[in-house]
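Please work through the following exercises on a single protein chain. Each task is followed by a stepwise solution.

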Amino acid sequence: MSFFEENCPEIDRYLENHASAEPEILKKLRRETYQKTTQPHMISGYQQGRLLSIISKMISPKSILEIGTFTGYATLSLAEGLAKDGTIYTIDKNEELAYLPEKYFAESEFASQINFIKGDALQEISKLNIDWDLVFIDADKENYVQYFNLIKPKMKSGSILLIDNILWYGKVLEDNPKLESTKIIKELNELIAQDQDFENLILPLRDGIQLARKI
């Protein structure tokens, strides 16, 4: 859930009403996610989906890595900007839910460009000998730093890194966080801010998105 959605729903509706319309397939996927999953708030959603689409279209990536598929909304949003010969690799270990993204991937115009990998991302990433143009991380927060350390060497100059939930419902303001996930997210934010190989900005969209460019 976004800050505005929770604290000022009128602004949230205004933002959606003044954003480009989402494709019909994403509208259907969003509806079914809320109907058939127990944690539908995990979906990237309308505004974030349009952001992912625009960034992808701006750089026309040949190789995209997504860590954390959920129902595939972000996958299809990112795929909108793929180069004609590009591929998006999306990794998720939840095999019970895999039927849902697989259904929509197959229906989409990007079916031949999506490589859906079911498994543990920490293991699967190491198997992919690919230099990434665009990376989106939205998975288990406890492994965020490990994911960053894994993908950094495979990002070239100009590559874009996006990481979701980076404000963690405001918990990043806690001085002595109790949750391990909060500690890891705070550690990652500091790590990227101090990393001379990246220029970055945290966007206060929904639950916060880390936007970084490899120098």
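The exercises treat the overall chain, one helix, one helix pair and two loop residues.

The model is predicted: local features need pLDDT of at least 70, side-chain atom pairs count only at pLDDT 80 or more, and totals for chains, interfaces and linings use all residues. Residues are numbered from 1 along each chain as its sequence is written, and side-chain values use heavy atoms, with hydrogens and water left out.

**Exercise 1.** Determine how compact the protein chain is for its length.

Solution. Step 1: the chain holds 9 helices and 7 strands, taken as DSSP runs (H or I, at least four residues; E, at least two) numbered from the N terminus. Step 2: its radius of gyration, taken over C-alpha atoms, is compared with the globule rule, 2.2 Å times the number of residues to the power 0.38. Step 3: the radius is 16 Å, close to the 17 Å that the rule gives for 215 residues, so the chain is as compact as a globular protein of that length. Step 4: 53% of the 215 residues count as buried (under 20% relative accessible area; exposed is over 50%, partly exposed in between; 1.4 Å probe, protein chains only).

**Exercise 2.** Check the span of helix H3 and locate its buried residues.

Solution. Step 1: the expected span is 1.5 Å times one less than the number of residues. Step 2: for the 13 residues of H3 (residues 24-36) this gives 18 Å, and the end C-alpha atoms are 18 Å apart, in agreement. Step 3: Leu26, Leu29, Glu32 and Thr33 are the buried residues of H3. Step 4: they lie on the same side of H3, because they cover an arc of only 125° around the axis, judged by the directions from the helix axis to the C-beta atoms.

**Exercise 3.** Identify the residues through which H8 and H9 meet.

Solution. Step 1: on H8, Tyr144, Val145, Phe148 and Asn149 take part. Step 2: their partners in H9 are Ile184, Ile185, Glu187, Leu188, Leu191 and Ile192, where contact means heavy atoms within 4.5 Å.

**Exercise 4.** Are Ser60 and Asn165 buried, partly exposed or exposed?

Solution. Step 1: most residues other than glycine have a negative phi. Step 2: Ser60, in the loop between H4 and strand E1 (63-67), has a positive phi of about 45°. Step 3: Ser60 counts as partly exposed, because its relative accessibility is 37%. Step 4: Asn165, in the loop between strand E5 (155-164) and H9, has a positive phi near 60°. Step 5: Asn165 is buried, with a relative accessible area of 12%.
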